[in-house]
Amino acid sequence: FSSSSRRSRIASVLQLCLCMLLCRVQGGSSHELYIVYLGEVKHDHPDHVVASHHDMLTTLLGSKEESIASVAYNYKHGFSGFAAMLTPEQAKQLAEVPEVISVEKNKIHTTATTRSWDFLGLNYQMTGTSSGLLKGSNYGEDVIIGVVDTGIWPESRSFSDEGYGPIPSRWKGKCQLGPDWGSNNCTRKIIGARFYTAGVLDKHLKADTLSPRDRNGHGTHCASTAAGSIVEAASFNGLAEGVARGGAPRARIAVYKSGWGSGSFSTASVLAAIDDAIHDGVDVLSLSIGGRGQVAFGALHAVQKGITVVYAAGNDGPRPQTVGNISPWVITVAASKVDRSFPTVITLGNKQQIVGQSLYYQAKNSSGSSFAGLLVGQGCTADTLNGTDVRGIILFCLPLPDDARTPVSTFEYASQYVRNGGGSGLIFAQYTTDLLTVTASVACQGIACVLVDLDTGEKIIKYVGAASSPVAKIEPAHTVTGKEIPEAKVASFSSRGPSRDYADIIKPDIAAPGANILAAVGDSYVMYSGTSMAAPHVAGIVALLKAEHPDWSPAAIKSAIMTTARVTDKRGMPILAEGLPRKTADPFDYGSGNINPTGAADPGLVYDIDPRDYNKFFGCTIVRRTNVSCDATMLPAYHLNLPSIAVSELRRPVTVWRTVTNVGEADSVYHAEVQSPAGVMMEVEPTVLVFNTTDRVHSFKVKLA
């Protein structure tokens with residue numbers, strides 16, 4: 001619907017205790033960690049909830065001692081359930097208990113910004129309308145963002161609490177201590193910190209420290225992206241220099257370390273973190289982890305307690321049907337690019353200069369760049385290189401003829417090969433340069449690593465074919481931002497829809513910057529790429545919206561973000577999606593579009609949802625074993641009042657109802673604008689909605705045939 005007032009509105013259309021091992025053998029029976037879900041909390045005190053869990057397990061295991069020894073976590077705040085070491089037979093018996101909704105084996109998950117906030121129109125140094133949301137929300141002051149990740153590095157400048165007032169009185173969390181984490185590491189900025197180890201493999205725990213401290217870097221990066229304090233002159237070795245800050249720089253951070261080692265999460269631990277976060281009083285939850293819905297009920301209970309939950313979509317793109325975290329009550333975030341690049345000049349022996357992309361820099365005492373021999377390698381795998389001497393030369397890698405999508409693992413192997421062999425550099429041809437951060441990996445330290453696209457690669461091939469002794473020189477990268485840089489593309493690695501499990505829900509929901517994002521890691525600032533980086537961008541924006549509109553529900557916030565998203569770039573051209581081939585982006589690439597924070601603060605209409613309405617979908621579609629009545633009328637997900645509509649099998653005419661609430665100007669008139677998908681007839685009734693001070697809610701129907 002579009003308003004007849006000055007502002008134009010467009011509603012979204014179609015769019016596991018350390019003493020335990022993960023597995024133990026006892027009496028000849030294999031025990032594994034299972035997650036038992038019991039639904040809503042049915043007792044007034046958490047201790048009573050725990051007692052009920054042990055009563056159930058005592059009946060199964062024969063003694064209370066066995067029950068206590070088996071339990072890794074009791075979920076007792078936001079929802080009821082437990083994680084316990086059981087045999088498959090015991091798990092099967094539990095699943096038959098009437099009070100039990102589901103029993104699932106624990107799974108392991110993995111992890112799935114100096115320019116990005118300016119790019120999104122949130123420049124804290126500017127005055128005027130572009131900074132309205134920042135000022136209107138007072139930079140997200142006192143909103144609490146819970147970050148479920150690999151921990152945090154509290155000494156980073158991004159987590160300074162200078163100028164912060166007392167911790168909000170509603171906060172009920174704790175500061176869990178460890179060998180490298182004292183009570184002083186929790187501050188007025190990092191107001192709480194917990195860690196969870198159950199279900200995590202021993203090798204990952206040994207590679208980490210048993211505390212909330214982040215030894216990986218991922219959690220620190222995500223936390224500083226969402227809510228980092230303002231840090232002037234941050235850069236990665238001079239690249240991407242600027243002001244580092246989170247989306248909600250005055251928000252508080254609550255840390256829930258569930259990821260260990262290289263980024264290994266267990267479902268049991270993530271659920272324990274969500275349960276504690278509900279108890280502690282967070283406003284927003286940010287989870288940059290992959291998954292296909294095993295923690296869906298934890299997120300559901302969080303949303304039903306008024307907490308907006310933001311998830312990463314995953315990094316398995318551009319293949320379709322790879323999107324994860326697809327529950328309709330969460331915000332699932334795809335990754336897009338910003339208007340910044342790092343051009344790296346390559347000079348060939350014939351003086352021809354071509355441009356690649358890298359994060360290559362030279363040490364201050366470096367003697368500068370010089371020419372080196374240039375050698376072409378096809379594929380650059382262990383089989384194709386096969387002991388090739390690369391001493392003192394630059395290796396140019398081309399993809400194999402039948403695969404332009406040379407995997408990142410091949411780049412890592414090739415760069416390590418060049419470095420170990422005493423090579424000078426690596427030029428790597430790929431169909432996309434989105435994963436630029438690989439050029440700053442450990443394998444590239446001491447050598448120049450550059451990515452070029454396939455067209456640029458062809459130019460190098462022509463030169464090599466014509467030269468008797470081909471040489472090349474690689475200059476350090478520099479930073480370019482602004483209008484000259486193609487922006488707002490969906491990154492190639494970003495997982496795509498449609499949902500493999502729930503075809504009547506469009507996922508992802510929204511796209512946000514996730515390629516080459518500069519944020520805190522340890523005491524420095526480093527660039528990472530992934531939907532892991534995109535999710536905290538949205539979490540920060542949600543915090544701003546929560547501060548400015550404290551009465552908005554999670555569904556209203558999600559709606560505001562989706563219905564105001566941009567589907568064109570700043571030049572008015574359609575947003576593209578990187579892939580083979582590159583194409584115009586669609587809802588399965590970016591959901592409703594690229595996030596527009598300023599627009600989300602003033603969406604006009606929102607599609608709100610009573611969180612209890614999700615129970616029907618959860619009970620009938622996800623667990624398929626509850627006391628709810630599942631019928632053909634309510635089962636399709638398109639009956640949820642989402643700001644998108646998906647009908648997976650339109651074999652006969654379908655009518656879908658939507659209800660909108662006016663949160664804008666009281667007296668407004670909205671007119672329907674219909675753009676039917678190809679091959680579909682779509683009709684909206686009524687075509688006009690009139691709002692005033694008494695009529696704030698209206699419904700309309702969409703007929704599809």
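Two rings of Phe, Tyr or Trp (for Trp, the six-membered ring) are taken as a pair if their centres lie within 6.5 Å, and the pair is edge-to-face when the planes are over 60 degrees apart. With that rule in hand, and bearing in mind that the model on screen is a predicted one, the tour can start from the aromatic side chains, for which the count comes to 11 aromatic pairs.

**Stop 1: an aromatic cluster**

Select Phe-79 and Phe-297 and display their rings, which form an edge-to-face pair with 5.5 Å from centre to centre and 85 degrees between the planes. Are these two residues buried or exposed? Phe-79 has a relative accessibility of 0% and so counts as buried, and Phe-297, at a relative accessible area of 4%, is buried as well. Now add Tyr-37 and Tyr-75 to the selection, since these two tyrosines form one aromatic cluster together with Phe-79 and Phe-297.

From Tyr-37, a short detour leads to Ala-95, which is 58 residues away in sequence and 9.6 Å away in space, taken from C-alpha to C-alpha. Ala-95 lies in helix H3, residues 88-95, and at 27% relative accessibility it counts as partly exposed.

**Stop 2: helices H8 and H9**

Return to Phe-297 and show helix H8, residues 267-280, together with helix H9, residues 296-304, whose axes come within 9 Å and cross at roughly 10 degrees. Because angles under 35 degrees are classed this way, H8 and H9 are roughly parallel to each other. Which residues make the contact between them? On the H8 side they are Leu-271, Ile-274 and Ile-278, while H9 supplies Phe-297, Gly-298, Ala-299, His-301 and Ala-302. Coloured by residue class, the contact of H8 with H9 divides into 6 nonpolar and 2 polar residues, with no charged ones. Phe-297 thus appears both in this contact and in the aromatic cluster of the previous stop.

Staying in helix H8, pick Ala-272, which has a relative accessibility of 6% and therefore counts as buried. Leaving aside residues up to four places away in sequence, Ala-272 touches Tyr-73, Tyr-75 and Tyr-196, and Tyr-75 is one of the residues of the aromatic cluster. A label on Ala-198 is also useful here, as its C-alpha is 9.5 Å from that of Ala-272, although the two are 74 residues apart in sequence.

**Stop 3: helix H7**

Next, select helix H7, residues 218-227, and show it with its surroundings: 10 of its 10 residues are buried, so the helix is largely enclosed by the rest of the structure. Among the buried residues to label are His-218, His-221 and Cys-222, along with Ser-224 and Thr-225.

**Stop 4: arginines over rings**

Two cation-ring arrangements can be inspected with side chains displayed. In one, the charged end of Arg-213 sits over the ring of Trp-153, at 4.6 Å from the ring centre. In the other, Arg-250 lies over the face of Tyr-164, and here the distance to the ring centre is 4.3 Å.

**Stop 5: backbone details in loops**

Where in the chain does Pro-318 lie? Pro-318 is in the loop between strand S16 (308-312) and strand S17 (331-336), and the peptide bond that joins Gly-317 to Pro-318 is cis, with omega at about 0 degrees. In the loop between S16 and S17 there is also Gln-321, a residue other than glycine whose phi is nevertheless positive, near 60 degrees; at 37% relative accessibility, Gln-321 counts as partly exposed.

A cis bond is also found from Gly-497 to Pro-498, where omega is near 0 degrees, and Pro-498 belongs to the loop between strand S26 (480-481) and strand S27 (510-513). For another positive phi in a non-glycine residue, go to Asp-142, where the value is near 70 degrees. Asp-142 is placed in the loop between helix H5 (132-136) and strand S8 (144-149) and is partly exposed, with a relative accessible area of 28%.

**Stop 6: strand S23**

Finally, select strand S23, residues 425-429, and within it Phe-428, which counts as buried at 3% relative accessibility. What separates Phe-428 from Leu-451 in space? Their C-alpha atoms are 4.9 Å apart, while along the chain the two residues are 23 residues apart.

Terms used. Residues numbered from 1 in each chain as written. Predicted model: local features only at pLDDT ≥ 70, side-chain atom pairs only at ≥ 80, totals over all residues. Heavy atoms only, no water. Axes fitted to C-alpha atoms, helices over the stretch in contact; angles between N-to-C directions. Helix = DSSP H or I, 4+ residues; strand = E, 2+ residues; numbered from the N terminus. Parallel < 35°, antiparallel > 145°, perpendicular 65-115°, else oblique. Contact = heavy atoms within 4.5 Å. Nonpolar A, V, L, I, M, F, W, Y, C, P; charged D, E, K, R; others polar. Phe/Tyr/Trp six-rings, centres within 6.5 Å; stacked < 30°, edge-to-face > 60°. Buried < 20%, exposed > 50% of the residue type's maximum accessible area, 1.4 Å probe, protein only. Lys NZ or Arg CZ within 6 Å of the ring centre and 35° of its normal.
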